[in-house]
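Here is a brisk structural report on one protein chain. Keep the model open while you read.

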Amino acid sequence: MKSSTTTGFASAVLLVLLCGSTVAFSLNGNYKTIIDTLAWTGDLSEIYSIIERNQIANTTIHLRSVTVFAPHNEAFLKITKKDSDDEYLPCYHITNVPMKLEQLGKSVFSELDGNPPIWITKKSPEEIYVNQAKVVYNLANYEHNNTFGKPQVLHVIDQVLQPLRMKKNSPQNVYNPNAWEFMENAEYLDLDSYHTNTFLQRVQNLDKKSVFSNQGGHTFFIPVDEVANYPKVKPEKIDVKVIDAHIVPDNVLFLGPTNEEEQFKTLAFTDMLKVFASLSKAVEGDKTKYYVSSDTVVGDDVHPTGAVVAEIVKANIPVRNGVVHLISRPLMIVDNNVKQFIEQSYKDREDSVLHRFYEEIMNSGGDFLEKLTAMPNVTLFAPSNAAFNDQSIQSYLLNRTYIRSLLDLHIVNRRLSIDDIVAESIDKVQTEVPRKDLFFNVVTSGKNRTLTLEGGGVNATVVQANLAATNGIIHIIDHVLGIPSSTVDRKLATDPTLNETNYLGQVSSLNDQLGDVQKRFTYFVPRDFAWKRLAIDNPSAYKKLFMPEYSNIARQVLERHLIIADKVFTMDDLRKEANNNYNLSVHLPTVRDISMYIKIKDSVEGYSIEWRNEWIHVHRSDVRCTNGIIHVIDKVLIDESDIEVNGAIATKSITGLVLVLAQCLVFYYFN
């Protein structure tokens with residue numbers, strides 16, 4: 001039944017449009033009180049009904065100044081209804097001070113018993129979060145006095161705020177606990193049957209209560225006692241530094257507003273030990289799982305470098321001094337080797353990120369795991385489930401012998417974290433497949449670093465980095481290395497080291513034909529380093545090639561690097577042909593020069609080709625594509641005559657055009 005204050009209003013009912021997942025309605029032109037706005041706005045009917053049913057919330061909103069954070073109806077469809085909703089939800093969405101968005105501080109006190117805080121995250125003036133929920137900016141800052149003249153403010157939000165609740169019929173009441181009181185009273189709280197006794201006991205034994213009681217706003221990752229399919233950690237491994245690694249001080253990190261992979265210093269970040277925490281998520285079908293990683297970038301004898309990942313099993317629990325996330329296992333503790341990491345963490349969990357990888361290992365004989373165990377320092381680039389589910393590679397997966405050999409392409413016989421790769425400027429490293437290297441590129445954007453790599457002609461991105469094991473490091477990648485899935489043109493477009501050649505191929509239209517799957521291309525592609533070298537050695541030629549009006553010259557230069565035939569030519573094919581010719585030149589029928597000859601040299605550093613009496617290093621050989629093969633080289637195959645002859649032709653053409661225009665002008669004025 002609607003409140004009596006709604007009578008006497010003759011305004012039209014606000015139009016509510018629900019388009020897909022986007023709520024589209026407006027508060028413009030509305031002149032109602034807050035409670036009447038909730039009552040008369042169809043898409044706010046759910047929050048109105050629970051406020052109306054709760055005597056405290058109903059009285060408060062009618063009599064006092066308030067701010068209401070109102071979830072729209074769609075938000076209520078995303079939650080599982082609980083019997084205690086009418087008791088907890090109404091007052092937790094109300095605070096007794098009217099505040100517009102610009103007036104909100106780091107937190108506000110709710111009207112729920114104990115006045116637990118609602119935490120505010122401002123990412124920008126128009127992107128503001130209330131706990132986990134995002135404020136719908138164009139439906140915020142609605143102001144109106146109630147019938148007693150008290151000022152009130154309404155903000156629409158996209159999720160239902162979830163306060164900490166007590167168990168039904170709990171013998172003890174717990175009001176607005178801090179993180180320590182949360183753990184101490186966990187048996188009385190509604191935590192979906194999770195328990196935190198082991199971690200609590202270690203915190204007590206090591207006298208670390210104070211770090212969970214600190215005032216302010218912090219983030220606490222609290223391990224639960226045991227989660228099915230996750231290995232159990234020995235309690236004695238949870239030492240003082242490990243406990244500190246579970247706290248991010250002075251940052252209240254709800255999952256919604258926190259940037260994925262952004263690193264935050266933990267309490268374990270000191271002069272001698274440096275440990276970060278970061279959040280991530282993985283989407284598998286219609287499921288989304290959230291994870292927290294502790295990344296020890298500077299370790300010690302007890303705490304090795306590398307990341308430890310735990311699943312967040314219950315997230316976004318607001319407490320008086322911040323937010324608590326319950327996690328599947330303690331952070332920072334490394335107690336499995338690489339083989340055990342794969343087996344114990346993932347083999348029985350179909351929703352785990354490496355389940356398909358484990359399946360392919362076992363389908364190929366399983367000896368790959370034993371090889372990993374025998375290596376004292378190893379880096380494994382492990383493809384994710386999504387990588388193996390790629391439809392374009394399914395036919396390759398049927399060849400078990402091929403897949404077994406391919407697995408070795410994912411191993412490096414040394415420990416390599418992203419920090420190691422950056423610090424040592426490593427751009428290439430040998431894999432366990434002879435003469436097959438991995439090529440690295442680190443992209444930095446703000447505080448985030450992304451490692452991309454290429455192996456066997458496939459570009460991959462590290463989606464989860466630096467996972468620590470006792471004998472190495474695991475990086476999870478988004479593609480299976482060695483199985484081509486791109487045409488030559490797509491390879492050029494996605495490889496960050498081939499940008500210059502790709503650009504010239506686009507502006508000269510050469511790339512248009514490189515997607516043809518009916519043809520077979522062998523392409524000697526100058527990498528960006530080669531073009532920079534040309535810019536130094538011959539700046540005028542470099543400048544001219546990249547001028548749009550000389551795109552025809554650029555195309556002709558690129559055509560010298562391209563072979564179109566009924567088969568592709570690997571570097572080993574060319575080497576064998578050279579050997580058959582007593583190490584003399586090999587004929588390359590390129591598009592530009594059908595009578596082009598090169599020599600091949602094979603050494604421990606890799607292949608080199610000789611052209612015009614100069615040896616040119618092949619930086620990457622045999623990069624396989626679905627319709628060809630690429631050899632990445634360190635020099636552009638260009639001759640002075642390319643620029644001079646074509647430049648003269650271009651100049652003659654322009655001069656001819658000027659003469660024609662002049663003749664037209666003469667004819668126009670004198671006839």
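## A buried glutamine and its surroundings

Beyond its neighbours within four places in sequence, glutamine 464 is in contact with Ser280, Ser293, Val309, Val353, Ile474, His475 and Ile476. Glutamine 464 sits in strand β23, residues 458-469. Its relative accessibility is 12%, so glutamine 464 counts as buried. The model is predicted, and so is every contact described here.

Proline 383 also has Val353 among its contacts. Not counting residues up to four places away in sequence, proline 383 touches Leu354, Phe357, Phe388, His410, Ile477, His479 and Val480 as well. This proline lies in strand β18, residues 378-383. Is proline 383 buried or exposed? Proline 383 is buried, with a relative accessible area of 0%. Isoleucine 638 is 255 residues away from proline 383 in sequence. In space, the two C-alpha atoms are 39 Å apart.

Phe357, a contact of proline 383, belongs to helix α11, residues 355-363. Phe357 is buried in that helix, and so are His355, Arg356, Tyr358, Glu360 and Ile361. Glycine 365 follows α11 and has a positive phi, near 115 degrees.

## The whole chain

The protein has 671 residues, and buried residues make up 52% of them. Its secondary structure comes to 23 helices and 31 strands. The C-alpha trace spans about 95 × 90 × 45 Å along its principal axes. The accessible surface comes to about 31,000 Å², and carbon and sulfur atoms account for 50% of that area. Take the contacts with a separation of 6 or more: 64% of them join residues 24 or more positions apart.

Confidence averages a pLDDT of 88 over the protein, and 90% of the residues score at least 70. Two stretches need care. Over residues 647-662 pLDDT stays under 50, and the model has two contacts beyond four places in sequence for them. Residues 664-671 also stay under 50, with one such contact.

## Nonpolar cores

In soluble globular proteins, nonpolar side chains tend to be buried together. Here the largest nonpolar core holds 80 residues. Which of its residues touch the most other members? They are Leu38, Val68, Phe182, Met183, Phe212, Val324 and Leu326.

Leucine 38 touches Val68, Ala70 and Leu154. Its other contacts, leaving out residues up to four places away in sequence, are Leu44, Ser45, Ile47, Tyr48, Ile51 and Ile61. Another core lies apart from the largest one and has 49 residues, including Leu369, Ile411, Ile421 and Leu467.

## Sheets and strand pairs

One open sheet has four strands in the order β4-β3-β10-β9, with mixed pairing. Strands β4 (94-95) and β9 (142-145) stand at the edges with a single partner strand each, so one side of each is left without a neighbour in the sheet. Strands β3 and β10 run parallel. Alanine 70 stands opposite valine 156 in β10. Helix α3, residues 55-63, packs on this sheet and touches β3, β4 and β10. The direction of α3 makes about 125 degrees with that of β3.

Another open sheet has seven strands in the order β26-β25-β31-β30-β29-β28-β27, and its pairing is mixed too. Its edge strands are β26 (562-565) and β27 (586-588), each pairing on one side only. The twist averages 30 degrees from one strand to the next. Tyrosine 523 stands opposite leucine 562 in β26.

Strand β6 pairs with both β5 and β7. Serine 107 stands opposite tryptophan 119 in β6. Strands β6 and β7 form a hairpin with two residues between them. There, serine 124 has glutamate 127 in β7 as its bridge partner.

Four strand pairs are set out below.

| Strand pair | Sense | Bridges |
|---|---|---|
| β3 (residues 66-71) and β10 (residues 151-157) | parallel | six bridges |
| β25 (residues 520-526) and β26 | antiparallel | four bridges |
| β5 (residues 107-109) and β6 (residues 117-124) | antiparallel | three bridges |
| β6 and β7 (residues 127-130) | antiparallel | four bridges |

Key. Residues numbered from 1 in each chain as written. Heavy atoms only, no water. Core = buried A, V, L, I, M, F, W, Y, C linked by side-chain atoms within 4.5 Å. Buried < 20%, exposed > 50% of the residue type's maximum accessible area, 1.4 Å probe, protein only. Contact = heavy atoms within 4.5 Å. Pairing = 2+ DSSP bridges. Axes fitted to C-alpha atoms, helices over the stretch in contact; angles between N-to-C directions. Areas by Shrake-Rupley, 256 points an atom, 1.4 Å probe, with all protein chains shown as cover. pLDDT = per-residue confidence, 0-100.
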